[in-house]
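I opened my notebook to look up a few side-chain contacts and one sheet. Here is the structure I was reading, followed by my entries.

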Amino acid sequence: MTTPTTARRLRGFSGAGYDKGRGLLTQAAWFAVLNLVFMKWWFPPRLRPPLLRAFGARVGQRVLIRHRVRVQWPWKLSIGDDVWVGEDAWLINLEQISLASDVCVSQGAVLCTGSHQRRSPTFEFDNAPISVEEGAWVAARAVVLRGVTVGKGAVIGAGVVAPRDVPPGAVYTTGGAT
């Protein structure tokens, strides 16, 4: 049995329901700083949290953000204390991303708050926030999708996609839940 397809009419896309949260000038300034300074290997890691704060992020103490980390909108980011974000991580926060204290987001991980309504002919946005609770680990090249809460102490293993909430203490690997 096949599922009927939706005829796409992307020309009609309106972008309704997505508020970038800042004006065009601030967005442009952030993209310039992100690409010319923030992501660079030579930019000291100790200066990344203050730079995020300057653009509206809430960032705790002793936060380590490696180089080549991409943050879509800092003003939609909240990071607790003692958080690590590894090289090449991508925080696509069209909506709020909250990382509680003692969270590790490893190399190449993607946290994506954005999506589209698959049944919408104009493919309108279907965005929702992501929350990673205290002590959780999103391992290398793992993906956390829109609307997901990763529970306290949970592990999203390397290469795993988390499309729905992960219970506290759960461990998901490419072999399934353990």
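**Entry 1: charges over rings**

I looked up R48 first and found its charged end over the ring of F38, 6.0 Å from the ring centre. The rule I used asks for NZ of Lys or CZ of Arg within 6 Å of the ring centre and within 35 degrees of the ring normal. I also noted R70, whose charged end sits over the ring of W90 at 3.8 Å from its centre.

Before going on, I wrote down that this is a predicted model: local features need pLDDT of at least 70, side-chain atom pairs count only at pLDDT 80 or more, and totals for chains, interfaces and linings use all residues. Residues are numbered from 1 along each chain as its sequence is written, and side-chain values use heavy atoms, with hydrogens and water left out.

**Entry 2: more on R48**

I placed R48 in helix α2. Helices (H or I, at least four residues) and strands (E, at least two) are DSSP runs, numbered from the N terminus.

Which side chain of opposite charge is nearest to R48, and how far away is it? I found E87, at 8.6 Å; R48 is buried yet has no salt bridge. Buried means under 20% relative accessible area, exposed means over 50%, and partly exposed is in between (1.4 Å probe, protein chains only). For charge, Lys and Arg count as positive and Asp and Glu as negative, while His and the chain ends are not counted. A salt bridge is a side-chain nitrogen of Lys or Arg within 4 Å of a carboxyl oxygen of Asp or Glu.

I did find a backbone partner: the R48 side chain reaches the backbone oxygen of F43 at 2.9 Å. That is a polar contact, a pair of N or O atoms within 3.5 Å; within protein, one must be able to donate a hydrogen and the other to accept it, and residues adjacent in sequence count only if both atoms are side-chain atoms.

**Entry 3: salt bridges**

How many salt bridges does a search of the whole structure find? I noted four.

E87 turned up again here, in a salt bridge with R68 (3.4 Å, N to O). E87 lies in the loop between β5 (84–85) and β6 (90–92) and R68 in the loop between β2 and β3 (70–71), so this pair ties together parts 19 residues apart in sequence. R68 also forms a salt bridge with D88, with the closest N and O atoms 2.8 Å apart. D88 lies in the loop between β5 and β6, so its pair with R68 joins parts 20 residues apart in sequence. I drew R68, E87 and D88 as a network of salt bridges.

I checked their accessibility too: E87 is partly exposed at 26%, R68 is partly exposed at 35%, and D88 is partly exposed at 34%.

Another salt bridge joins D126 and R146 (3.3 Å, N to O). I found D126 in the loop between β9 and β10, and R146 in the loop between β12 (143–144) and β13 (149–150), 20 residues apart. D126 is partly exposed at 30%, and R146 is partly exposed at 27%.

**Entry 4: aromatic pairs**

Rings of Phe, Tyr and Trp (its six-membered ring) pair if their centres lie within 6.5 Å; planes under 30 degrees apart count as stacked, over 60 as edge-to-face and the rest as tilted. I counted seven aromatic pairs by this rule.

Why is the pair of Y18 and F125 called edge-to-face? Their centres are 5.0 Å apart and their planes stand at 65°, so the pair earns that label. Y18 is in the segment before α1 (24–38) and F125 in the loop between β9 (110–112) and β10 (130–132), 107 residues apart. Y18 counts as buried at 16% relative accessibility, and F125 counts as buried at 18%.

I then looked at W30 and F55, whose centres are 5.1 Å apart with planes at 65°, so this pair is edge-to-face. W30 is in helix α1, while F55 is in the loop between α2 (48–54) and β1 (58–59), 25 residues away. W30 is buried at 0% relative accessibility, and F55 is buried at 14%.

Ring pairs also link F13, Y18 and F125 into a cluster.

**Entry 5: the sheet**

I traced an open sheet of seven strands, in the order β2-β5-β8-β11-β14-β16-β17, with mixed pairing. β2 (64–65) and β17 (176–177) stand at the edges with a single partner strand each, so one side of each has no neighbour in the sheet. Two strands pair if DSSP finds at least two bridges between them.

β16 (residues 171–173) pairs with β17 in the antiparallel sense over two bridges. My last look-up was T173, whose bridge partner in β17 is G176.
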